[in-house]
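Work through the exercises below with the sequence and the model open. Each task is followed by a solution in steps.

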Amino acid sequence: MSEQQGGAPLLEIADLVKTYRLPRERLFGPRPQLRAVDGVSFRVTAGRSFGIVGESGSGKSTLARAAIALEWPTSGQARLMGSAMNLAPRAALRKMRAHMQMIFQDPYGSLDPRQTVARIVGEPLACLDGISRADGAARIAEALQAVGLSATDARKYPHEFSGGQRQRVAIARALITRPRLVVADEPVSALDVSIQAQVLNLMTDLQQQFGITYLLISHDLAVVEHICDEIAVMYRGRFVETGPSEILLASPAHPYTRALIDAAPKLQTARRRAPAPASDSPGPKTGCAYASRCAFAQSKCREEAPALRPLVDGRHVACHFPL
Amino acid sequence: MLLEVAELSVDLPTSGGVRRIVRSASFALDHGQTLGIVGESGSGKTMTALALMGLLPDGATTSGAILFEGRDLLKLNEAQMRDLRGDRVAMIFQEPMTALNPLHSIGRQIAEPLILHRGLSNAAAHAEAVRLLERVGLPDPVRRARAYPHQLSGGQRQRAMIAMALGCAPRLIIADEPTTALDVTVQAQILDLIADLGAQSDMALILVSHDLAVIAQNCERVLVMYGGMAMESGRTDDVLARPAHPYTKALLQARPRVGARRGERLQAIAGAAPSAGAMPKGCPFAGRCPLTIAACGEALPAPVMLGGDHMARCIRIDAAERAA
C-alpha cells in the first residue's frame, strides 16, 4: 500500500483483532470464541478509496464497524488522522465522529420510519458544537441538494421515497458533517441494477466534489473496482491479498482472489466451470485458512500459516505459492 | 412444446384496488430447454413463475393460457394442480431456510413428494432421498438426510432443495433467484449443478433472476420483464449481441464492469420503475426511456419480431436502432 506523503494517514488500522464470544455448546462448558477479525493492518490515504471484498462471514463488516469505532476492538488499534479512537475520551471521540460517517446496506432498515428526513439527515450534527438551528437547516438543505434531492424533501418521511431515494437520504446523512472518511457497507447491493448506477455515479461525484475518501465493503468486485483505488481481499478474518485495484483484479496472486473473479457472473454466454465444491469445515487450526478449498494447496499450506508479504508491484499477498 | 404461455395476465387485489401485475406475457419452452426471466423488483417475474406453479396469492385472477404438456394449467382445480406440482413441475425457491420446514429432517422433506406422487414406501422413499442427496453433491448423504435445515450451510440447504425438486424427475424446474442469498463462489457451484442435472435428464429450466449475467451464462433463451410486461425475448446470444429494446440496452449499460476505468460514469437510468399501483396504460418504461414520445404512453406496445424468435415490444424500435 502506498505511503502517505507527510502527515498521518486518514485511517490506520494496526493489528486489529475482534473476537466474539459464542453461546455455550454445553451447560457449564466454556464459551467458544469466534475471531471475526484476526489481526488486520492497513492504511487508507486521503483521496485513495479503499475497498474490502469478501464473502459472508469473512469479517469485512465487523472490520468496517471497528474502523470507525462502532465496535471496540479486542486488541489492536484504529487511528483516525493519527489519533487512536479506542484511547480517546468520550468527548474527543464524539468530535472525531464528524470526520467519519457510515452508509449502510439496507435503506429500508437504516432510516427511522417515524422521523422526518430533516431529523434523520440532521442527526450527525449533534457531534458538532455550536451549530445553530438556522445553520442546521441550511446544512440539511445543502446535503439533500448534494445528493440530488430537493430541500423540500426534508419535511417528508422515509416511506414516501423509493429504495434509491432512501439510499440518497442515507448518503445525505453521511455527508452533513462534511466528513473526510465515509464507510459504505454494501451501499448498492439492495438496489435494482438501474438504481445502482445512479447511486454509484452519485458516490463518484461526491468523491470529487467534497474530497471524500471511501472505505467500501462489498462482495461485488465490479462495484469495488468502480469506486476504489486499493482493494483488500478478506477471507476468514484476514487479508489474503491487497493492492492497487487494477493490478489485483487483472492478475490476482492469491488463489482465492482468482476464485472470486472467476465466480462472478459475466455478461457472456460461455462460462468457466466452478471449481470443486468448497468444504464447509471450519478450517484447520494450523496453516492457511484457505488450504482446504485451494486447488493449489501443498503440504506446507496445511502446516504453516502464510504471512502477508509484499510483491514487487505494490501488492501484498498471504500465500506460500502465489499465482 | 412442453410449455406454452399465451397472453398471460395476473391481477392482484391490493388495498388500493385490483392491480395488474403481469401484462400479456407470452413465451414457450420445449423439453430440455433453458429460459431465463430477468427483471427488477416489481417487474412481475416472480408472479409469472408462481402462476406456472399455481401458487399465486389468494384472490389473484388470471387470464390467457398456460399450456403445459397440452393442458391449460389455469383451468385446473387445486387437486389437479397438486398432482402436477412437485411431480411434473417443481420449484426451487430463493431462500432455502424459509422454504424448508425447520421441524422436519432433510431426508423426510425430500421423501415426502416421493411418497405422495410415486407411491413409494417410507423406507424406499428414504433410501431414494439419500441417493438424491448424493446426486446433488452433498458429502456424507446418510448423515445429511437425518440433519435438520439449521444444521446445514446456505449452499448445502440449496442443494437439499434441489434434491427435493428433482425427486420425481419433473419435466420443468422453475428456479426463482436460487442463488441470490449465496456467496458468489457457492452461486457458481449451484448454477453448475442445476445445469448438469437438467442436461442429464432432459428437464426444462426456467431461471428467474434480477441478474442478467447469471441468466446470460446459464440460459439459452431470455425474457426481459419490466413493469409486468415482457419487453424483449429471444435467444440469449441474440439479445445480448443485438439488444433491441431501449430498456434492455439500458440494463446492459448500467452495470459497472471489472476492468473498466475507475469512476467512469455509468449509464444510469433516470427515475424509478412505476409501482404496480401507478402502472401506466402504455409502455411501463415510457418516461424513463430516452426515446419516449407521446404515443408510448397511450397503449401497450405490440410485439415486434426481429428475425428468428427475437421479439421486442417497443414502438420506437427503428429509432432505437438508429440511436445505437
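The exercises go from the two chains to their contact, the core, single helices and backbone angles.

This is a predicted model, in which local features need pLDDT of at least 70 and side-chain atom pairs count only at pLDDT 80 or more, while totals for chains, interfaces and linings use all residues. Residues are numbered from 1 along each chain as its sequence is written, and chains are lettered from A and ligands numbered from 1 in the order in which they are written.

**Exercise 1. Confidence**

Task: State the scores of the model and find where pLDDT stays under 50 in chain A.

Solution. Begin with the whole model, which scores ipTM 0.83 and pTM 0.87. Next take pLDDT, the predictor's confidence in each residue from 0 to 100. Chain B has a mean of 90, with 99% of its residues at 70 or more. For chain A the mean is 88, and 93% of the residues score at least 70. Finally, locate the weak stretch: residues 1-5 of chain A stay under 50, and the model has 8 contacts beyond four places in sequence for them. Two residues are in contact if their C-beta atoms, placed from the backbone, lie within 7 Å. Where pLDDT is low, the predicted coordinates should not be read in detail.

**Exercise 2. The two folds**

Task: Describe the secondary structure and the dimensions of each chain.

Solution. First count the elements, which are DSSP runs numbered from the N terminus: helices are H or I runs of at least four residues, strands are E runs of at least two. Chain A has 10 helices and 12 strands; chain B has 12 helices and 12 strands. Then compare the radius of gyration, taken over C-alpha atoms, with the globule rule of 2.2 Å times the number of residues to the power 0.38. In chain B the radius is 21 Å, close to the 20 Å that the rule gives for 324 residues, so this chain is as compact as a globular protein of that length. Chain A, with 323 residues, also agrees: its radius is 21 Å, and a compact globule would have one near 20 Å. Along the principal axes, the C-alpha atoms of chain A fill roughly 65 × 50 × 50 Å, and the trace of chain B spans about 65 × 50 × 40 Å.

Last, take burial. A residue is buried if 20 or more other C-beta atoms, placed from the backbone, lie within 10 Å of its own, exposed if 12 or fewer, and partly exposed in between. By this count 46% of chain A is buried, and 49% of chain B.

**Exercise 3. The contact between the chains**

Task: Which helix of chain B gives the most to the side that touches chain A?

Solution. Start from the totals: 39 residues of chain B are in contact with 38 residues of chain A. Helices H8 (184-200), H9 (212-218), H10 (236-241) and H11 (246-254) of chain B each supply at least two residues to that side. H8(B) gives the most, with 7 residues. By type, the side of chain B divides into 18 nonpolar, 12 polar and 9 charged residues. Here Ala, Val, Leu, Ile, Met, Phe, Trp, Tyr, Cys and Pro count as nonpolar, Asp, Glu, Lys and Arg as charged, and the others, Gly among them, as polar.

**Exercise 4. From the core to one residue**

Task: Trace the contacts of Ala67(A) and Ile13(A).

Solution. The largest nonpolar core has 182 residues, and those with the most contacts inside it include Ala67(A), Ala172(A) and Ile206(B). Leaving aside neighbours within four places in sequence, Ala67(A) is in contact with Leu11(A), Ile13(A), Ala78(A), Val183(A) and Leu215(A). Move on to Ile13(A), in strand E1 (residues 11-21) of chain A. Ile13(A) counts as buried, with 21 C-beta neighbours inside 10 Å. Its contacts beyond four places include Val40(A), Phe42(A) and Ala67(A).

**Exercise 5. An enclosed helix**

Task: Is H5(A) largely enclosed or open, and what does it pack against?Solution. H5 (residues 163-175) of chain A has 13 residues and reaches 19 Å from its first C-alpha to its last. The expected span, 1.5 Å times one less than the number of residues, is 18 Å. Of the 13 residues 12 are buried, so H5(A) is largely enclosed by the rest of the structure. The buried residues pack against strands E6 (100-103) and E7 (181-185) and helices H3 (117-122), H4 (133-146) and H6 (193-210) of chain A. One of them is Ala172(A), also named for the core, a set of buried Ala, Val, Leu, Ile, Met, Phe, Trp, Tyr and Cys residues joined through C-beta atoms within 7 Å.

**Exercise 6. Positive phi**

Task: Where does Met81(A) lie?

Solution. Met81(A) has a positive phi of about 45° although it is not a glycine. Met81(A) lies in the loop between strands E4 (75-80) and E5 (83-84) of chain A.
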